[in-house]
Amino acid sequence: MTSLVRHITIDCTDAYRLAGFWAEVLGGSLASDDLPGDPEATVTAEGSALLFITVPDTKITKNRVHLDLQPQDRSRDEEVERVLALGATLVEDHRRADGTGWATLADIEGNEFCVERSAAELAG
């Protein structure tokens, strides 16, 4: 048997707070035993598990690994607006007038991620 990816682990300054942000973004949930101030917090959502670990270092440069999100029940642009309302910031807008492209955002601790077109938009 081969190995499986159990979690994608993200270092951060406040594990519980950042996990709460990502639980909202992904429509997932925090582990029942995660509490404010805990040094780690886990988010489970359909198809993924994210583990957040509090570390003393702050983010300095661009992520070497990032998440690409594909909206399931709304358009790319609607998802960008929803995630911005949750506290994300727009880093770079690669959306084109013909509907192609993506948006690069940063979460509440500055970690970059992208929002791509939905499956319906790709098929359309």
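The side chain of Arg 82 reaches the backbone oxygen of Val 25 at a distance of 2.5 Å, and this contact is a useful place to enter the structure, which is a predicted model. Arg 82 itself lies in helix 2, which covers residues 76-85, and its C-alpha atom is separated by 8.3 Å from that of Val 25, although the two residues are 57 residues apart along the chain. Leaving aside residues up to four places away in sequence, Arg 82 touches Glu 24, Val 25 and Arg 74. Because its relative accessibility is 24%, Arg 82 counts as partly exposed.

Val 25 leads to helix 1, which runs over residues 15-26 and has 12 residues. From its first C-alpha to its last, helix 1 reaches 16 Å, close to the 16 Å expected at 1.5 Å a residue. Which residues in helix 1 are buried? They are Ala 15, Leu 18, Ala 19, Phe 21, Trp 22, Ala 23 and Val 25. An α-helix has 3.6 residues a turn, so residues three or four places apart point the same way. Helix 1 is followed by Gly 27, whose phi is positive, near 65 degrees.

Another part of the model can be approached through Thr 42, which is found in strand 3, residues 40-45. Thr 42 has a relative accessible area of 18%, and because buried means under 20%, this residue counts as buried. Not counting residues up to four places away in sequence, Thr 42 touches His 7, Ser 29, Leu 30, Ala 31, Asp 34, Leu 50 and Leu 51.

Charged side chains offer a further view, and a search of the whole structure finds 7 salt bridges. One of them joins Asp 73 to Arg 74, with the closest N and O atoms 3.3 Å apart; Asp 73 is exposed, with a relative accessible area of 61%, whereas Arg 74 is partly exposed at 28%. In another, Arg 76 pairs with Asp 77, the closest N and O atoms being 3.0 Å apart. Here Arg 76 is buried, with a relative accessible area of 4%, while Asp 77 is partly exposed at 34%. The side chains of Asp 93 and Arg 95 also meet in a salt bridge, at 2.8 Å from N to O, and both partners are partly exposed, Asp 93 at 41% and Arg 95 at 24%. Salt bridges that share partners join Asp 73, Arg 74, Glu 79 and Arg 82 into one network, which brings the reader back to Arg 82, the residue whose side chain reaches the backbone oxygen of Val 25.

Terms used. Residues are numbered from 1 along each chain as its sequence is written. This is a predicted model: local features need pLDDT of at least 70, side-chain atom pairs count only at pLDDT 80 or more; totals for chains, interfaces and linings use all residues. Side-chain values use heavy atoms; hydrogens and water are left out. Helices (H or I, at least four residues) and strands (E, at least two) are DSSP runs, numbered from the N terminus. The expected span of a helix is 1.5 Å times one less than its number of residues. Buried means under 20% relative accessible area, exposed over 50%, partly exposed in between (1.4 Å probe, protein chains only). Contact means heavy atoms within 4.5 Å. A polar contact is a pair of N or O atoms within 3.5 Å; within protein, one must be able to donate a hydrogen and the other to accept it, and residues adjacent in sequence count only if both atoms are side-chain atoms. A salt bridge is a side-chain nitrogen of Lys or Arg within 4 Å of a carboxyl oxygen of Asp or Glu.
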